[in-house]
Amino acid sequence: MHYVAVIDKDVGSAYGVRFPDVPGCFSAADTFNEIIPNAIEALSLFFEGSEIIPARSIEEVREEVAEDLAAGAVLMMIPYIADRRRVVRVNLSLDQGLLDTMDEAARARGMTRSAFVAKAATREIYVPG
(Lines give C-alpha, C1' and ligand atoms only; values in the text may rest on other atoms or scores of the structure.)
Protein backbone atom coordinates (compact mmCIF):
# COMPACT_ATOMS: atom_id res chain seq x y z
CA MET A 1 0.00 0.00 0.00
CA HIS A 2 1.24 3.50 -0.85
CA TYR A 3 0.29 6.76 0.84
CA VAL A 4 0.40 10.19 -0.75
CA ALA A 5 2.85 12.51 0.97
CA VAL A 6 2.81 16.28 0.66
CA ILE A 7 6.36 17.59 0.57
CA ASP A 8 7.17 21.24 1.11
CA LYS A 9 10.25 23.25 1.93
CA ASP A 10 10.69 26.80 3.10
CA VAL A 11 13.97 28.59 2.44
CA GLY A 12 16.48 27.70 5.16
CA SER A 13 14.44 24.78 6.51
CA ALA A 14 14.26 21.02 6.16
CA TYR A 15 11.81 19.30 3.84
CA GLY A 16 8.49 18.78 5.58
CA VAL A 17 6.52 15.60 4.87
CA ARG A 18 2.91 14.99 5.85
CA PHE A 19 0.30 12.42 4.94
CA PRO A 20 -3.25 13.75 4.44
CA ASP A 21 -4.66 10.22 4.90
CA VAL A 22 -2.73 9.66 8.13
CA PRO A 23 -3.39 12.62 10.44
CA GLY A 24 -0.61 13.04 12.96
CA CYS A 25 2.00 11.21 10.87
CA PHE A 26 4.73 13.47 9.60
CA SER A 27 8.43 13.46 8.86
CA ALA A 28 11.26 15.77 7.89
CA ALA A 29 14.44 15.46 5.88
CA ASP A 30 17.51 17.66 5.58
CA THR A 31 18.15 16.51 1.99
CA PHE A 32 15.91 15.42 -0.86
CA ASN A 33 17.45 11.93 -0.81
CA GLU A 34 16.42 11.46 2.83
CA ILE A 35 12.72 12.12 2.17
CA ILE A 36 11.75 8.59 1.13
CA PRO A 37 13.55 6.57 3.83
CA ASN A 38 12.45 9.02 6.54
CA ALA A 39 8.85 8.98 5.32
CA ILE A 40 8.81 5.16 5.16
CA GLU A 41 10.09 5.05 8.73
CA ALA A 42 7.45 7.56 9.88
CA LEU A 43 4.63 5.43 8.43
CA SER A 44 6.10 2.26 9.93
CA LEU A 45 6.36 3.81 13.39
CA PHE A 46 2.93 5.43 13.18
CA PHE A 47 1.15 2.17 12.37
CA GLU A 48 3.14 0.09 14.87
CA GLY A 49 0.43 -1.72 16.84
CA SER A 50 -2.31 0.37 15.23
CA GLU A 51 -4.97 -0.31 12.63
CA ILE A 52 -3.91 0.53 9.07
CA ILE A 53 -5.78 3.51 7.62
CA PRO A 54 -6.98 3.12 4.02
CA ALA A 55 -5.07 5.19 1.47
CA ARG A 56 -6.73 7.35 -1.16
CA SER A 57 -5.58 7.83 -4.73
CA ILE A 58 -3.22 10.63 -5.65
CA GLU A 59 -6.03 12.27 -7.61
CA GLU A 60 -8.26 12.44 -4.52
CA VAL A 61 -5.50 13.89 -2.37
CA ARG A 62 -4.43 16.34 -5.09
CA GLU A 63 -7.87 18.00 -4.95
CA GLU A 64 -7.65 18.35 -1.16
CA VAL A 65 -4.17 19.94 -1.17
CA ALA A 66 -4.54 22.10 -4.28
CA GLU A 67 -3.60 25.27 -2.38
CA ASP A 68 -0.40 23.66 -1.05
CA LEU A 69 0.52 22.54 -4.57
CA ALA A 70 -0.09 26.04 -5.93
CA ALA A 71 2.30 27.34 -3.24
CA GLY A 72 5.06 24.96 -4.40
CA ALA A 73 4.45 21.70 -2.52
CA VAL A 74 4.82 18.42 -4.39
CA LEU A 75 3.22 15.01 -3.99
CA MET A 76 5.12 11.76 -3.62
CA MET A 77 3.90 8.19 -3.22
CA ILE A 78 5.43 6.54 -0.14
CA PRO A 79 5.05 2.80 0.54
CA TYR A 80 3.97 1.51 3.90
CA ILE A 81 6.53 -1.14 4.84
CA ALA A 82 5.53 -2.87 8.04
CA ASP A 83 8.41 -3.33 10.46
CA ARG A 84 7.95 -6.96 11.42
CA ARG A 85 11.05 -6.91 13.66
CA ARG A 86 11.96 -10.31 12.36
CA VAL A 87 14.94 -11.06 10.17
CA VAL A 88 14.43 -13.83 7.62
CA ARG A 89 17.21 -15.60 5.74
CA VAL A 90 16.65 -15.72 1.96
CA ASN A 91 18.57 -17.13 -0.98
CA LEU A 92 19.22 -14.81 -3.94
CA SER A 93 20.88 -15.60 -7.25
CA LEU A 94 23.02 -12.76 -8.60
CA ASP A 95 25.64 -12.32 -11.28
CA GLN A 96 29.11 -12.67 -9.70
CA GLY A 97 30.25 -9.29 -11.04
CA LEU A 98 27.20 -7.59 -9.57
CA LEU A 99 27.72 -9.35 -6.25
CA ASP A 100 31.38 -8.29 -6.10
CA THR A 101 30.49 -4.68 -6.90
CA MET A 102 27.63 -4.72 -4.41
CA ASP A 103 29.89 -6.07 -1.64
CA GLU A 104 32.49 -3.39 -2.41
CA ALA A 105 29.82 -0.66 -2.22
CA ALA A 106 28.49 -2.10 1.06
CA ARG A 107 31.99 -2.18 2.60
CA ALA A 108 32.63 1.42 1.49
CA ARG A 109 29.49 2.44 3.38
CA GLY A 110 30.31 0.33 6.43
CA MET A 111 27.31 -1.91 5.79
CA THR A 112 26.71 -5.62 5.58
CA ARG A 113 25.56 -7.16 2.31
CA SER A 114 22.11 -7.74 3.82
CA ALA A 115 21.76 -4.15 5.00
CA PHE A 116 22.88 -2.88 1.60
CA VAL A 117 20.33 -5.05 -0.25
CA ALA A 118 17.56 -4.00 2.15
CA LYS A 119 18.36 -0.31 1.70
CA ALA A 120 18.52 -0.63 -2.09
CA ALA A 121 15.23 -2.53 -2.18
CA THR A 122 13.54 0.09 0.01
CA ARG A 123 14.60 2.81 -2.42
CA GLU A 124 13.18 0.90 -5.37
CA ILE A 125 9.89 -0.09 -3.73
CA TYR A 126 8.64 3.45 -3.32
CA VAL A 127 7.58 3.61 -6.98
CA PRO A 128 4.02 2.21 -7.13
CA GLY A 129 3.45 -0.45 -9.75
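**View 1. Who does Ile78 touch in this predicted model?** Leaving aside residues up to four places away in sequence, Ile78 is in contact with Met1, His2, Tyr3, Ala5, Phe19, Ile36, Ala39, Ile40 and Leu43.

**View 2. Zooming out to the largest nonpolar core.** This core has 19 residues, and Phe19, Leu43 and Ile78 are the ones touching the most other members. At least two residues apiece come from strand E1 (2-9), strand E2 (15-18), helix H1 (35-47) and strand E4 (74-79). H1 gives the largest share, with seven residues. There's also a second, separate core of six residues, Val4, Val65, Ala73 and Met77 among them.

**View 3. Tyr15 meets Phe32.** The model has four aromatic pairs. In the one formed by Tyr15 and Phe32, the ring centres are 6.0 Å apart and the planes sit at 75°, so call it edge-to-face. Tyr15 belongs to strand E2 and Phe32 to the loop between strand E3 (26-29) and H1, so the pair ties together parts 17 residues apart in sequence. Phe32 is partly exposed, at 48% relative accessible area. Tyr15 has another partner too: the charged end of Lys9 sits over its ring, 5.4 Å from the centre.

**View 4. Phe46 and Phe47, side by side in sequence.** These two rings also pair edge-to-face, at 5.4 Å centre to centre with 85° between the planes. Buried or exposed, where does Phe47 fall? Phe47 is buried, with a relative accessible area of just 2%, while Phe46 is partly exposed at 29%. Ring pairs join both of them with Tyr3 and Tyr80 in a cluster.

Key:
Residues numbered from 1 in each chain as written. Predicted model: local features only at pLDDT ≥ 70, side-chain atom pairs only at ≥ 80, totals over all residues. Heavy atoms only, no water. Core = buried A, V, L, I, M, F, W, Y, C linked by side-chain atoms within 4.5 Å. Buried < 20%, exposed > 50% of the residue type's maximum accessible area, 1.4 Å probe, protein only. Helix = DSSP H or I, 4+ residues; strand = E, 2+ residues; numbered from the N terminus. Contact = heavy atoms within 4.5 Å. Phe/Tyr/Trp six-rings, centres within 6.5 Å; stacked < 30°, edge-to-face > 60°. Lys NZ or Arg CZ within 6 Å of the ring centre and 35° of its normal.
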